[in-house]
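Here is a short, friendly briefing to read alongside the coordinates. It looks at how some helices pack and at where to trust the model.

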Amino acid sequence: MLLTRDDWYETSRDLDWTFTAVDEAVAFPASWSGAGGIPPQAWQGWEEPFRVSYRDYVRIQREKESGVKAVSNALVRSGTYEKLDPAHVAASHLHMGTTCMVEHMAVTMQSRFCRFAPTPKWRNLGVFGMLDETRHTQLDLRFSHDLLGKDPRFDWAQKAFHTNEWGVIAVKNFFDDVMLSADCVEAALATSLTVEHGFTNIQFVALAADAMAAGDINWSNLLSSIQTDEARHAQQGFPTLSVLMEHDPQRAQTALDVAFWRSTRLFQTLTGPAMDYYTPLDQRKVSFKEFMLEWIVNHHERILEDYGLKKPWYWDDFLRSLEQGHHAMHLGTWFWRPTLFWRPNAGVSKDEREWLVSKYPTWEDDYGVMWDQIIANVNSGAVERTLPETLPSLCSLTQLPIGSAFSRHEVGKHATVHNGRTYHFDSHISKWCFDQDPDRYAGHKTVVDRFIGGEIQPMDLGGGLMWMGITPDVMGDDVYAYRWAKDYVSPAATNGAPAPQPVAVAGD
Ligand SMILES: [Fe+2]
Ligand SMILES: [Fe+2]
């Protein structure tokens with residue numbers, strides 16, 4: 001007689017054995033499992049709600065795969081790509097270059113769960129997570145490969161992480177830390193719970209909605225398909241947090257507080273500009289801030305409350321940064337556009353500015369004045385004055401420009417001296433993160449450190465671009481060739497009245 005699923009399920013996912021030829025501590029070193037200080041029996045209560053069997057998993061994934069492939073095959077042939085708004089397409093270049101290899105890094109993280117997680121139930125779920133992430137990597141690669149003939153920027157899906165492009169270094173720095181270097185427990189808190197269960201919603205739900213509105217059904221479909229997997233394997237975070245709350249709540253609090261801020265800064269860079277500036281105005285669903293408030297803030301607050309944790313000490317400053325951080329990153333990335341492998345959209349035509357002010361009431365005072373100067377330079381034919389000649393100073397934690405976390409009125413000095421070296425930060429919060437575990441971050445050199453140390457030659461923008469792997473065929477420039485600036489050419493100026501005087505802008 002065949003057993004029913006319920007008869008064998010528990011045994012199949014909770015299969016463990018007692019070691020006789022090797023010490024448990026050698027087979028499962030605490031430095032890999034992260035279970036140091038937590039009694040082994042504590043993991044017996046580790047439960048996840050999905051209860052998926054391998055046979056079910058393969059069947060469902062196969063259906064998902066054929067769904068994505070059918071849509072993709074039909075659309076690649078239909079010429080839909082050529083009709084997409086170029087600013088929207090830039091968002092897909094940015095996504096593929098910065099995300100595809102993160103999916104691949106997640107394969108390694110999940111395989112660590114498969115092998116070293118402190119309970120067989122978790123190791124079992126890790127197998128599915130590993131297969132998920134392999135699928136995500138391959139989806140991104142296939143999507144990009146299909147479009148490679150249309151634009152060489154899609155090559156960056158595979159290439160980006162083998163370059164020194166500064167934005168890619170910032171992404172890699174974070175995921176090296178929370179995926180590749182973290183033990184299982186910490187990776188579950190920082191990656192599964194914070195990134196996968198929270199922040200990926202911005203990339204995979206909000207951006208998927210924007211992509212659908214923009215007519216990019218192929219990409220939207222891919223993003224949504226990936227998110228269905230994330231929602232499942234992200235569950236590894238919750239039971240891990242439960243165990244930690246019983247045995248080491250402070251460790252959970254610190255790990256989550258650091259991961260939440262680092263994720264915020266990263267998504268202010270990757271998704272904020274795409275949502276609030278690149279997505280064509282009539283296709284925007286909600287603002288980046290609104291989505292963050294609904295999907296990330298509410299969600300994180302609920303987790304913290306459910307598990308008895310406090311809000312991060314920097315909560316009010318985090319909320320303030322929602323008004324600022326991604327605007328600053330957008331202005332900075334647009335200004336340093338030759339260092340990008342995608343073409344950013346300034347997104348500051350008069351209509352777009354009106355929308356920005358309706359969502360961010362202080363935008364004009366904080367950012368509009370700087371864009372005004374850029375516009376004046378563009379309209380007086382001095383585009384070269386809107387281009388960088390130097391590098392911005394970078395944060396030793398986030399690798400992002402200093403001055404890009406809050407408004408231009410709040411640029412303060414935040415530094416730590418550790419083993420004789422001074423580290424600078426983009427905010428008091430990033431400094432705090434670094435100070436929790438300085439040795440963890442201290443060895444990394446920012447792009448500017450490398451520049452000053454003579455690793456980048458010649459020591460100018462051209463040398464920097466070469467070092468970053470930026471070639472002329474992908475180098476970033478304004479996606480609409482400054483067309484939006486025409487909005488601001490006043491009739492008076494064209495009648496011979498003096499045009500605004502060009503002034504060099506130092507970026508953000
Ligand atoms: Fe993934
Ligand atoms: Fe994932």
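In this predicted model, helix H4 (residues 54-78) and helix H7 (residues 120-147) cross at roughly 10 degrees. That angle is under 35 degrees, so H4 and H7 are roughly parallel to each other. A second helix pair, H10 with H12, is oblique instead.

**H4 with H7**
- The axes of the two helices, H4 and H7, come within 12 Å.
- From H4, the residues that take part are Tyr57, Gln61, Val68, Ser72 and Val76.
- On the H7 side, they meet Phe128, Arg135, Leu139, Phe143 and Asp146.
- Sorted by class, this contact of H4 with H7 holds six nonpolar, two polar and two charged residues.

**H10 with H12**
- Helix H10 (residues 184-213) packs against helix H12 (residues 237-247) at about 130 degrees, and their axes are 9 Å apart.
- The crossing of H10 past H12 is left-handed.
- H10 contributes Val185, Ala188, Leu189, Ser192, Leu193 and His197, while H12 brings Gly237, Phe238, Thr240, Leu241 and Leu244.
- The class count for H10 with H12 is seven nonpolar, four polar and no charged residues.

**Confidence**
- The protein chain has a mean pLDDT of 91, with 96% of its residues at 70 or more.
- Among the chain's elements, helix H20 (residues 428-436) has the highest mean pLDDT, 98, and helix H24 (residues 491-494) the lowest, 55.
- Over residues 494-508 the pLDDT is below 50, yet this stretch has 32 contacts in the model beyond near neighbours in sequence.
- Where pLDDT is low, please do not read the predicted coordinates in detail.

How values were computed: Residues are numbered from 1 along each chain as its sequence is written. Chains are lettered from A and ligands numbered from 1 in the order in which they are written. This is a predicted model: local features need pLDDT of at least 70, side-chain atom pairs count only at pLDDT 80 or more; totals for chains, interfaces and linings use all residues. pLDDT is the predictor's confidence in each residue, from 0 to 100. Helices (H or I, at least four residues) and strands (E, at least two) are DSSP runs, numbered from the N terminus. Two residues are in contact if their C-beta atoms, placed from the backbone, lie within 7 Å. Axes are lines fitted to C-alpha atoms, for helices over the stretch in contact, and angles run from 0 to 180 degrees between N-to-C directions. Angles under 35 degrees count as roughly parallel, over 145 as roughly antiparallel, 65 to 115 as roughly perpendicular and the rest as oblique. Ala, Val, Leu, Ile, Met, Phe, Trp, Tyr, Cys and Pro count as nonpolar, Asp, Glu, Lys and Arg as charged, and the others, Gly among them, as polar. A crossing is left-handed if the near helix is turned anticlockwise from the far one by less than a right angle, and right-handed if clockwise.
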